[in-house]
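Hi everyone, thanks for making time for this. I'd like to walk you through one structure, starting with a single spot and then stepping back to the chain around it. Let's put it on the screen.

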Amino acid sequence: MIGVGAAGPLGVSHHDADRPRGLAVVTADASRSAPVERAAWISLASIPGIGPVGFAAVVRRFGSAVAALQAPPAEIIRQLPRSDAETDDALRRLQGVGWPTVAADLEEAARRVGGAVVTALDPAYPASLARLDGRPPVLYVVGHLDVLALPAVAVVGTRRPSGYGLSAAADIADEIARAGVTVVSGLALGIDGHAHLAALDAGGRTVAVLPSPIDRVYPPRHRDLAARIVAEGGALVSESPPGRQSGKPDFARRNRIISGLSEATVVIEAPDRSGALLTASAALAQGRDLYAVPGPIDSMASRGCNRLIADHQAELVTSSASLLHRLGLSVRRPQQAHVVASLSDTEGLVLGALIKRSGSIEELGARSHLATSELASALTLLEARGLVASYGGVTFHATLAARRIVYKTTELL
Amino acid sequence: MLSEMLSATVLGVDGVPVRVEADVAFGLPSLTIVGLAGSAVQEARERVRSAIRNCGFEVPARRITVNLAPADLPKEGTSYDLAIAAAILGASGQLGLAPTRRCALIGELALDGSLRPVPGTLALAAAARTAEVGEVIVPQANVREAASVREISVRGAASLGETVAHLVGLRELPAAVPTPIPSWSAPSGVPDLGDVIGQPLARRALEIAIAGRHSLALSGPPGIGKTLLLRCGEGLLPPLEEDEAVEVSRIHSVAGLIDRREPVIRRRPFRAPHHTVSTQALVGGGSRVRPGEASLAHRGVLMLDEMLQFRADALDALRQPLESGIVTIARVGGALTLPARFALLSAFNPCPCGWRGSRRHACRCEDGAARRYVARLSGPLRDRLDLWVAMDEPELREEPDGAEPSSVVAQRVHAAWRRQVERQGVGNAELQGALGADAGLPVRLGGLLQQRGRRFGLSPRRLHRVARMARTIADLSGSDEIRQADVDEALAYRPERAA
């Protein structure tokens with residue numbers, strides 16, 4: 001836990017002491033009958049139409065999941081906020097097959113993809129989720145379970161980011177990961193995927209909360225990324241049972257798990273009506289800190305973020321360093337300064353200009369008075385050395401590595 | 001009695017000599033044309049009958065057989081009319097008993113015996129030269145076109161009667177003055193680079209593409225000047241070399257696109273087919289093979305605006321010309337090869353609504369739809385496009401930024417092209433294999449190229465292309481040796497940056 005401020009707002013070290021591990025709401029019933037009740041939870045939570053709210057209502061009404069599953073389906077359905085024929089069918093089938101078998105099958109299905117089932121009855125259930133309203137009763141987790149107990153910050157944003165958004169996501173996730181804190185996100189294309197990737201590249205841990213079951217990772221284009229997250233000490237989390245078709249509501253529902261697993265949520269870039277704004281309101285509802293990265297006022301992709309800041313719902317992030325400071329984290333700087341490969345005057349000029357402000361070749365040309373051909377070749381060289389990145393080919397950014405080098409050199413001077 | 005005349009047909013873009021034999025024999029009066037003659041040739045019977053009669057000769061009331069040899073080559077069009085009529089006259093003894101002059105006959109007959117122009121005369125006259133006859137008679141209107149072929153005496157005739165008078169030596173037709181190859185002048189009515197706002201990288205990529213005949217792909221939202229920029233390319237093209245001029249003119253002559261009074265083209269072609277074009281119209285084909293837009297763009301530019309709106313099979317058909325500079329068309333009787341070496345200039349929107357990646361507008365496309373849209377560009381085709389630039393809206397500014405006008409850029413491009421022609425005879429994009437020290441790529445830079453390729457994940461094919469682009473960039477700055485900055489600049493246009 002090096003790097004976490006002892007008295008910082010994250011207060012990770014207090015987690016274990018302050019909160020009873022695991023069960024919070026239905027303690028009385030759950031403590032009575034550990035393995036059997038646990039199996040009943042797994043099978044009851046797998047019924048389509050029984051969400052976290054319905055689940056809690058059913059368990060409250062019948063005293064335990066075991067008792068509930070012995071009741072006629074109509075009785076159970078009466079407790080649900082809404083239901084359809086599918087729920088009724090699934091309950092009848094469950095009672096026909098026998099819920100212990102269904103639970104064992106689900107556990108086996110999770111094991112087949114290298115995962116495990118964690119119920120809110122289990123000690124391994126993440127403490128950060130345990131006290132939330134609408135916590136998922138059952139989680140399917142692939143990877144390292146204990147990661148979920150470590151301090152975490154969510155980094156989320158739109159699936160259609162600008163180059164600025166991608167660069168900001170990479171910077172912030174990189175800094176958070178280097179500070180030893182887990183980066184939580186939703187594995188979506190765009191900002192989410194970039195945040196996961198930057199955390200991994202920084203040698204950190206990251207957790208992906210999936211909208212789909214763990215046996216069918218969504219989006220398919222991020223399957224390799226998901227595998228890498230697990231291989232490098234992170235985890236994939238889902239509340240959908242293996243084999244379930246995921247639908248639109250699953251995408252909205254997982255947002256509360258992203259914010260719930262995290263002490264703070266950072267919205268990098270979100271247009272109006274972005275899914276990331278759902279995560280933001282979930283974070284606020286859960287009483288977690290919310291941060292937003294401001295964007296240009298003419299950028300569609302930043303409208304949601306700018307509004308969160310304007311409405312005083314999110315705190316404005318001025319730099320990744322200031323964010324870490326607010327979170328009470330400090331970055332572990334690499335001990336050795338990077339070796340600065342020699343740059344020509346032109347390359348130094350271009351890099352210097354980009355560190356001041358990212359921009360297109362057109363803007364760089366106007367600022368530096370260099371010819372387009374010179375700019376183009378200097379940018380390729382800087383890109384090859386990892387000092388400059390471009391997302392979408394229009395806007396160029398100085399990478400964190402470049403800024404660290406310059407930081408070091410100015411320090412030396 | 002038997003008689004033989006010489007004519008020619010067009011196969012692809014080349015002329016092929018055709019022998020027209022006529023035999024007049026006893027039997028019921030008839031006129032039969034054999035030798036894979038198409039419908040226009042069959043109808044020649046009626047035109048020939050009327051023309052012969054109206055010129056004061058007669059069609060013998062015998063069994064007349066006309067054979068077009070080689071008999072296995074399909075024949076189309078009306079250019080054999082004159083030769084058929086002359087052969088019939090010869091076979092029926094109306095040209096006298098003395099041997100007639102050896103010359104090739106090309107032209108369509110009107111019913112009154114006058115001659116009408118035919119397309120492709122340039123290629124047909126060239127065929128007559130290969131058949132080693134010293135003369136070719138063509139319709140008056142086609143004389144300047146045919147006379148741009150050297151080493152053959154071209155004579156224009158107004159009618160069948162004049163032709164016969166020449167053949168029998170009664171009244172010689174005057175030999176046409178060889179058509180001079182005109183000097184080059186810059187095209188007019190083409191947009192100027194000086195009027196393009198911003199987009200420095202795209203302008204530079206256009207300059208490189210035209211200079212080395214590389215292919216260019218611009219992506220970006222609608223209305224930011226992609227089309228305008230591509231159209232500016234026409235004003236940068238260097239003049240055609242003289243031998244190229246005759247070759248290009250021949251292709252345009254076959255397609256019937258030539259100005260008959262000024263038949264030799266000196267400006268490089270700039271073809272911009274609409275995106276609804278069929279595969280056949282794009283690369284050529286059809287029952288009577290005609291050159292497509294790809295061949296009409298030979299030695300010039302093929303511009304595909306809104307490239308992703310083109311039919312997928314049409315785009316895929318461009319792979320062969322992009323790779324080897326030719327189009328092969330499979331026919332029943334074998335394959336035909338048409339030349340098609342052009343610089344492909346293309347532009348497309350990054351998604352169906354066009355706004356993906358733009359800062360000021362929201363994209364309204366589903367992710368899947370946008371991905372499928374860009375996926376219309378198949379991997380192999382993508383691999384063959386050299387320069388990629390992603391464009392966005394230019395920064396707002398009060399007045400134009402004094403960008404270089406086309407005339408200045410064109411000077412650099414023309415000089416770079418001359419360097420290539422003098423060094424290697426072809427454009428840099430057409431160089432074969434890996435570039436080495438003889439092409440001005442120092443060994444040290446070969447290593448750097450490999451290193452950059454690994455860093456950016458580029459295929460060996462892509463690296464070869466990068467080296468050729470670097471060669472062009474060096475040529476633009478007048479350098480014999482490729483420098484590191486040239487290689488790095490060429491790498492700035494890799495596809496990963498733009499799509």
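Let's go straight to B:T78 and B:E108, whose side chains are joined by a polar contact of 2.8 Å. Please keep in mind that this is a predicted model.

So where does B:T78 sit along the chain? You'll find B:T78 in a loop of chain B, with β4 (63-69) on one side and α3 (81-91) on the other.

And is B:T78 buried or exposed? Its relative accessible area is 18%, and because the cut-off for buried is under 20%, B:T78 counts as buried.

Who are the neighbours, then? Leaving aside residues up to four places away in sequence, B:T78 touches B:A40, B:R47, B:G107, B:E108 and B:V118. So B:E108, the polar partner from a moment ago, turns up in that list too.

Now let's step back to the whole of chain B. We have 20 helices and 16 strands here, and the C-alpha atoms fill a box of roughly 85 × 50 × 45 Å along the principal axes. Of the 499 residues in chain B, 55% are buried. Looking at contacts with a separation of 6 or more, 74% are between residues 24 or more positions apart.

Last, the surface and the charges. Chain B has an accessible surface of about 20400 Å², and carbon and sulfur atoms account for 51% of that. The chain carries 61 positive and 56 negative side chains, with the centres of the two sets 3 Å apart.

That's my tour, and I'm happy to take questions!

Definitions and conventions. Residues are numbered from 1 along each chain as its sequence is written. Chains are lettered from A and ligands numbered from 1 in the order in which they are written. This is a predicted model: local features need pLDDT of at least 70, side-chain atom pairs count only at pLDDT 80 or more; totals for chains, interfaces and linings use all residues. Side-chain values use heavy atoms; hydrogens and water are left out. Helices (H or I, at least four residues) and strands (E, at least two) are DSSP runs, numbered from the N terminus. Buried means under 20% relative accessible area, exposed over 50%, partly exposed in between (1.4 Å probe, protein chains only). Contact means heavy atoms within 4.5 Å. Accessible areas come from the Shrake-Rupley method with a 1.4 Å probe; for residues, only the protein chains shown count as cover. Lys and Arg count as positive and Asp and Glu as negative; His and the chain ends are not counted. The place of a charge is taken as NZ of Lys, CZ of Arg, CG of Asp or CD of Glu. A polar contact is a pair of N or O atoms within 3.5 Å; within protein, one must be able to donate a hydrogen and the other to accept it, and residues adjacent in sequence count only if both atoms are side-chain atoms.
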